Amino acid sequence: MDDKIQSYLDWIKARGHRESRCELTQSEWDRVCKEIRDPSKSIIERVTRRLELFLDMERPVWLERAQIQGLRTIVDFPSVYADGELDEIKKTHFVHEKGKVTNISCDWGNVLGEGLEGRRVRLRRGLESASEEQREYAVYVERTLNAVEGFADRYAELFAAHGDERRARALRQAIRTGARTMEEAMQCFRLLHFGFWAADNYHNTVGRFDQYMYPFYQRDMESGLLDEAGALALIEDFFLSFNLDSDLYYSLQWGDNGQSLMLGGCKRDGSSAVNELTYLCIRASLAIRQIDPKLNLRVNRNTPLSLYELSTELTKVGMGFPQYANDDVVIPGLLRWGYDIEDARDYTVAACWEYIVPNVSMDIVNIDAMPVAEVAREVITDCLPYVCEFEDLMQELSCRMCNRALQMVQKHSRLYMEPSPYASILMRGFLEAKRDISEGGRYNNYGVHGAGLSCAVDQLMAVKAFVFGDRSVNAETLLKALSTNFEGYEELRRHLRVDAPKMGRDESARLLGDRVLKMLADAFAELRNERGGCYRVGTGTAMYYLWYSRDLPATADGRGAGQPLPANFSPALFITEAGPLSVLHGFALPALPLAVNGGPMTLELHDTVFHAEDSVEKVARLVQSYILQGGHQLQLNAVNREKMLRAQEHPEEYGDLIVRVWGWSGHFVELDKAYQDQIIERTEFGA
């Protein structure tokens, strides 16, 4: 890292960028609200006007240390809904989260290559023969294009004011007719990505950066404009820009912001997509060691160990990424759900780990979650006194999962999604059709998390082993213990926790886990949403691992009432006598291609694992082994329980401590204590 980048990094870590932030005055706030909350105006008019006002009121700021410019100054901006207005919409419609366009991956290659005027040409084609409704929609798109180009022009003026007429001219040209260099492409991306937040569209991913940026890189290298060192420094600078606003862009916690970037994998024709940028991006992230952008790496059976080793260096320093995705499992899974082969090969991740197709997909990848641990508990407590065989419980589990799935489908009817002319501009095909992205894309599938899978399996295994197996536990006694949260049944709780078969340790639990996962997939297999899409099952939990656990009573695996569930696709927090190899084997299930909505196997490694000289190679081979066994997604956390406990007591001393939370990495001391505590409780695997 050169001195300029180091200075920029130190400035960001010292939060120097926050000094330029401001709040709207009360009169400004009231004026904006009056314009964008007028009930006589359509939502699309209000959305468009909000973006125009936001970009007009934003104040371009010159970052002396940065190459790629762009800093948000307005901390908060009104939404288009008056108090209670969205609640009224919810009475007659299903509103997912905030009702916004989220979790999409844009047509960045074409947008950066042809500029916004190229998008304008796409819009205007066939406009004369368009319907009145389509022509009206085109007006909002034109206004949006004008607003974004005007915003970029103000940054060009900033360049000129600081004596850089060359970059000023380049930005005016690039935003309109396309970037010519990697620096221009990155500068345009920065401003366009900011536009997403200004348009109130959140959690929209960076996408396959090493693919759409590669032509610019290749051109610069061939012309001599860049060498490898210059390219690395430029990527480092660009990556740092994601951390200027990351505390303003979040859903539940700082770090949960969707700034995820995918590397590697294969091209649309099936050939390898790994290139020089793949490696440079990992090296850049390793140099700056910041939570954004979050790296994801597509791998397969042919991925060389050297790429795993370089990626493991990121794990070693505690970044919590890259998150690995296995093409050999994911692509066949997407094909089963009806994705075209070229689109399936082109997949990336959404905000966390759900798989989406760039440019064309409007899947809602996190529309709901099945509380698998809760359903398993209900089956045990409701049916155990009345069944004669364990298979009776399994049949009831399948039936109840199917019933829950049907209830979800009914709940998701009459979807409301706010129109977004801005997002439509950045995707493929919507401008030609004069149709808003909120109406749906090529793919309109819904993703469902399977929350608490290992807890469900461990409960069932305990019942199978002790109630129906060796009969060391009486059904009535078990139910009584669960109803009292094991008060007075401490020895039984220890027996359930320690002696019962566990997913990630015992082969019998692995086999049952595969069966339960298949049941979950089967429950949704024939269901369709109102947009004609399927339901995609995944093994993730997102925030549900805390939400569902709070009201979940004691469970038959020995978990106490209200105690957290494992995050994502992970073993019980109290699992013993299990090593990382057995855990990875226990979660490499044959049924995973049926459940590739996403949901990583999350493994905590004690940071002392990396003290040995050959530690990087060993951990890299560990990751490789999971991929070769058929694991679909993996994230590793290098953690130290004692360090995290000290950080809770002295947060001012641990500002650089980064951990993986669920599908994203964040600064440990900035997390709510509930999330901190759950990470501390996760099992650490040593050398």
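Modeller: Let me start with a term we will need: a residue counts as buried under 20% relative accessible area, as exposed over 50%, and as partly exposed in between. Bear in mind that this is a predicted model.

Biologist: Thanks! Then what makes D200 partly exposed?

Modeller: D200 has a relative accessible area of 22%. Partly exposed covers what lies between under 20% and over 50%, so D200 belongs there. D200 sits in the loop between α8 and β2, and its phi is positive, about 70°, although D200 is not a glycine.

Biologist: Why is a positive phi worth a remark?

Modeller: Because most residues other than glycine have a negative phi. K434 is another case, with a positive phi of about 50° although it is not a glycine. K434 is in the loop between α19 (430–433) and β10 (446–451).

Biologist: And is K434 buried or exposed?

Modeller: K434 has a relative accessible area of 7%. Buried means under 20%, so K434 is buried. H203 also comes out at 7% relative accessibility, so H203 counts as buried. H203 lies in the loop between α8 (182–198) and β2 (207–208). From C-alpha to C-alpha, H203 and N257 are 5.5 Å apart in space, while 54 residues separate them in sequence.

Biologist: Which peptide bonds are cis?

Modeller: One is the bond from D292 to P293, with omega near -10°; P293 lies in the loop between α12 (276–288) and β4 (294–299). Another joins F321 and P322, with omega about 15°, and P322 is found in the loop between α13 (305–316) and β5 (323–326).

Biologist: On to helix α21. How do you know that its buried residues line one face?

Modeller: The buried residues of α21 (residues 475–483) are A475, L478, L479, A481 and L482. Looking down the axis of α21, they fall within an arc of 160°, so they line one face of the helix. The face turned away from that buried side carries the exposed residues E476 and S483. Among the elements covering the buried residues are α16 (372–383), α20 (453–467) and α22 (490–499).

Biologist: What happens at the start of α21, and what just after the helix?

Modeller: At the start, a side-chain oxygen of N474 comes within 2.8 Å of the backbone nitrogen of E476. Just after α21, N485 adopts a positive phi of about 55°.

Biologist: What makes strand β12 a mostly covered one?

Modeller: Six of the six residues of β12 (residues 601–606) are buried. On one side these are M601, L603 and L605, and on the other T602, E604 and H606.

Biologist: How do you know that β12 pairs with β13?

Modeller: Pairing takes at least two bridges, and β12 shares six bridges with β13 (residues 633–639), in the parallel sense. L603, for instance, has L636 of β13 as its bridge partner. Together β12, helix α26 (residues 615–628) and β13 make a right-handed β-α-β unit.

Biologist: Why is the contact of R143 with E45 called a salt bridge?

Modeller: The cut-off for the nitrogen and oxygen atoms is within 4 Å, and the closest N and O atoms of R143 and E45 are 2.9 Å apart, so the pair qualifies. R143 lies in helix α6 (residues 132–161) and E45 in helix α3 (residues 43–57), so the bridge ties together parts that are 98 residues apart in sequence. At 21% relative accessibility R143 counts as partly exposed, whereas E45, at 17%, counts as buried.

Biologist: What about E507 and R510?

Modeller: Their side chains meet in a salt bridge at 3.4 Å, N to O. The two are three residues apart in helix α23 (residues 507–524), which means they are separated by about one helical turn. E507 is partly exposed at 38%, and R510 counts as buried at 13%.

Biologist: Which residue does D614 bridge to, and how many salt bridges are there?

Modeller: D614 bridges to K618, with the closest N and O atoms 3.5 Å apart. D614 counts as partly exposed at 34%, and K618 is exposed at 55%. Elsewhere, salt bridges that share partners join R31, E35, E45, R49, E52 and R143 into one network. The count comes to 48 salt bridges.

Key: Residues are numbered from 1 along each chain as its sequence is written. This is a predicted model: local features need pLDDT of at least 70, side-chain atom pairs count only at pLDDT 80 or more; totals for chains, interfaces and linings use all residues. Side-chain values use heavy atoms; hydrogens and water are left out. Buried means under 20% relative accessible area, exposed over 50%, partly exposed in between (1.4 Å probe, protein chains only). Helices (H or I, at least four residues) and strands (E, at least two) are DSSP runs, numbered from the N terminus. The arc is that of the directions from the helix axis to the C-beta atoms. Contact means heavy atoms within 4.5 Å. A polar contact is a pair of N or O atoms within 3.5 Å; within protein, one must be able to donate a hydrogen and the other to accept it, and residues adjacent in sequence count only if both atoms are side-chain atoms. A crossover is right-handed if, with the strands pointing away from the viewer, the path from the first strand over the helix to the second runs clockwise.
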